[in-house]
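These are my notebook entries on one protein chain. I went from the whole chain to its nonpolar cores and then to single residues.

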Amino acid sequence: MARKIFFVVSRMHGGGAQRVIVHILNYLINNTRNDITLVLFNSEPSDVYLSSISRKCKILVLHSSAKFGWFKLSRLLRKEKPEILVSTLNYINIACIFATLVAASRLRLVIREARPLSKTHPFIRRIQKLLYWRVDAFWAITPIIAEELHTILKVDRNKINLAPNPIDIPDPVITSKVESQSRETVRILYVGRLIELKNVDLMLRALALIKDREWRFQIVGSGPQEAYLKGMVQNLKLVERVEFVGYSPKPYSFMQKSDIFLLASKFEGFPNVVVEALACGNLCIANNTQGGGVTYIKSLIDQLIVANFENSQEIADLVRYYIDHPKELKDSKSLSAAQAKALQIENHFERYMKGMVT
């Protein structure tokens, strides 16, 4: 039976939550008969994920912040009468609950919870505890979040669905993996924002310890630390080895051509980019971050290597080992791609439908 479904997001600028919503709503549009609408509190021409949304998707913009836009959203709900509303990010989730209550709407409210409650501000947790009774179903992206919804917010376990972030990479992208042009030169990659939280400087310090091997490092992303990191590359004498590419909304072409993917973040709820890199045939080395996302991916894809990026020598030794053992590197890359396919959206979409329908 076709249903009228609203997805509510703040904006479609670069971010993991926005990317996940694009994957889910596009899959719904292309594979079901549901009537899908994306509701944005605000929109700018620079919002990079707008171009990734199916042309069949209706987009409505409230032209307001979430703090004050919940009233506009409540009027929209009364007018349009959707049957299901899906929300993500805690402040948007709270705004959607307010809007639903004010509109006296009986729609089914589904919330994607992407951040451990223990890492959320206590004031926000108090609001969540007061309001989350109105939520009909939760998508928890990791077991830690699922457990904390129950233990901290006292959410009924029957309302909680463990739903890791899906990836949506076309098969031709995966099957046409491009091997390194030269066995002697290993291609290393990072994709993400250039901010302190991502610890890109730790990657550079580790790589600076293996100047006796042939490698090239591409950094795909932008952010406030870009100038600092470029200065660091100069100081470490890595200018000939490190390339700053800039932001790319679809970094698969870089992943296809790389051999090793690095993620050194301090915190990650569920790093989509790691699964995407694995699916594109990369050996991935990731920091054991706060938030539990990396540990959860490791439980699903055992080819992921979890290491301590605070120890530059440990990371350097790992990278050097795989540079020196090209057959093991190639085998690990093939196994990574095979295991990561399990997280393609079509392989576990029922997890999401379970939350949407009664």
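Entry 1: burial. I took a residue as buried when its relative accessible area is under 20%, as exposed when that area is over 50%, and as partly exposed in between. On that basis I found that 55% of the 358 residues of the chain count as buried. I note here that the model is predicted.

Entry 2: the chain as a whole. I looked up the secondary structure and found 14 helices and 13 strands. I then checked the overall dimensions. The C-alpha atoms fill a box of roughly 65 × 40 × 40 Å along the principal axes. The radius of gyration is 21 Å, which agrees with a compact globule, because a globule of 358 residues would have a value near 21 Å. I also looked at contacts between residues with a separation of 6 or more, and 71% of these join residues 24 or more positions apart.

Entry 3: surface and charge. I recorded an exposed area of about 15900 Å² for the chain, of which carbon and sulfur atoms supply 52%. I counted charged side chains next: 49 are positive and 33 are negative. The centres of these two sets lie 8 Å apart.

Entry 4: nonpolar cores. Which residues touch the most other members of the largest nonpolar core? I found Leu73, Leu149, Phe217 and Ile260 in that role, in a core of 94 residues. Helix α3, residues 90–103, gives the largest share of this core, with 7 residues. Another core lies apart from it and has 29 residues, among them Leu28, Cys57, Val86 and Tyr352. I add as background that nonpolar side chains tend to be buried together in soluble globular proteins.

Entry 5: Leu149 and Lys154. I listed the contacts of Leu149, leaving out residues up to four places away in sequence; they are Glu113, Leu117, Tyr132, Phe138, Ala140, Lys154, Val155 and Ile160. I followed one of these, Lys154, further. Lys154 sits in the loop between α5 (143–151) and β7. Its relative accessibility is 59%, so Lys154 counts as exposed. Lys154 has a positive phi of about 60 degrees, although it is not a glycine. I noted this value because most residues other than glycine have a negative phi.

Entry 6: Lys237. I recorded a positive phi of about 60 degrees for Lys237 too, and Lys237 is not a glycine. Its place is in the loop between α8 (226–235) and β10 (242–244). Lys237 counts as exposed because its relative accessibility is 67%.

Entry 7: Asn161. Is Asn161 buried or exposed? I found it buried, because its relative accessibility is 7% and the cut-off for burial is 20%. Asn161 belongs to strand β7, residues 160–162. Beyond its neighbours within four places in sequence, Asn161 is in contact with Ala137, Phe138, Trp139, Ala140, Arg351, Lys354 and Gly355. I note that Phe138 and Ala140 are also among the residues that Leu149 touches.

Entry 8: Asn26. I placed Asn26 in helix α1, residues 16–31. A relative accessibility of 11% is why Asn26 counts as buried. Which residues does Asn26 contact, leaving aside its neighbours within four places in sequence? I found Ser52, Ile53 and Ser54. I also took the C-alpha distance from Asn26 to Leu209, which is 44 Å for a sequence separation of 183 residues.

Entry 9: Asp201. I found Asp201 in helix α7, residues 200–207. Its relative accessible area is 14%, so Asp201 is buried. Not counting residues up to four places away in sequence, Asp201 touches Tyr228, Leu229 and Met232.

Entry 10: Asn311 and Ala279. I placed Asn311 in the loop between β13 (305–307) and α12 (312–324). Asn311 counts as partly exposed because its relative accessibility is 33%. Asn311 and Ala206 are 105 residues apart in sequence, and their C-alpha atoms are 8.1 Å apart in space. I then turned to Ala279, which lies in helix α10, residues 272–279. Ala279 has 0% relative accessibility and therefore counts as buried. The C-alpha atoms of Ala279 and Gln344 are separated by 8.8 Å, with these positions 65 residues apart along the chain.

Methods: Residues numbered from 1 in each chain as written. Predicted model: local features only at pLDDT ≥ 70, side-chain atom pairs only at ≥ 80, totals over all residues. Heavy atoms only, no water. Helix = DSSP H or I, 4+ residues; strand = E, 2+ residues; numbered from the N terminus. Buried < 20%, exposed > 50% of the residue type's maximum accessible area, 1.4 Å probe, protein only. Contact = heavy atoms within 4.5 Å. Core = buried A, V, L, I, M, F, W, Y, C linked by side-chain atoms within 4.5 Å. Rg over C-alpha atoms; globule rule 2.2 N^0.38 Å. Areas by Shrake-Rupley, 256 points an atom, 1.4 Å probe, with all protein chains shown as cover. Lys, Arg positive; Asp, Glu negative; His and termini not counted. Charge placed at Lys NZ, Arg CZ, Asp CG, Glu CD.
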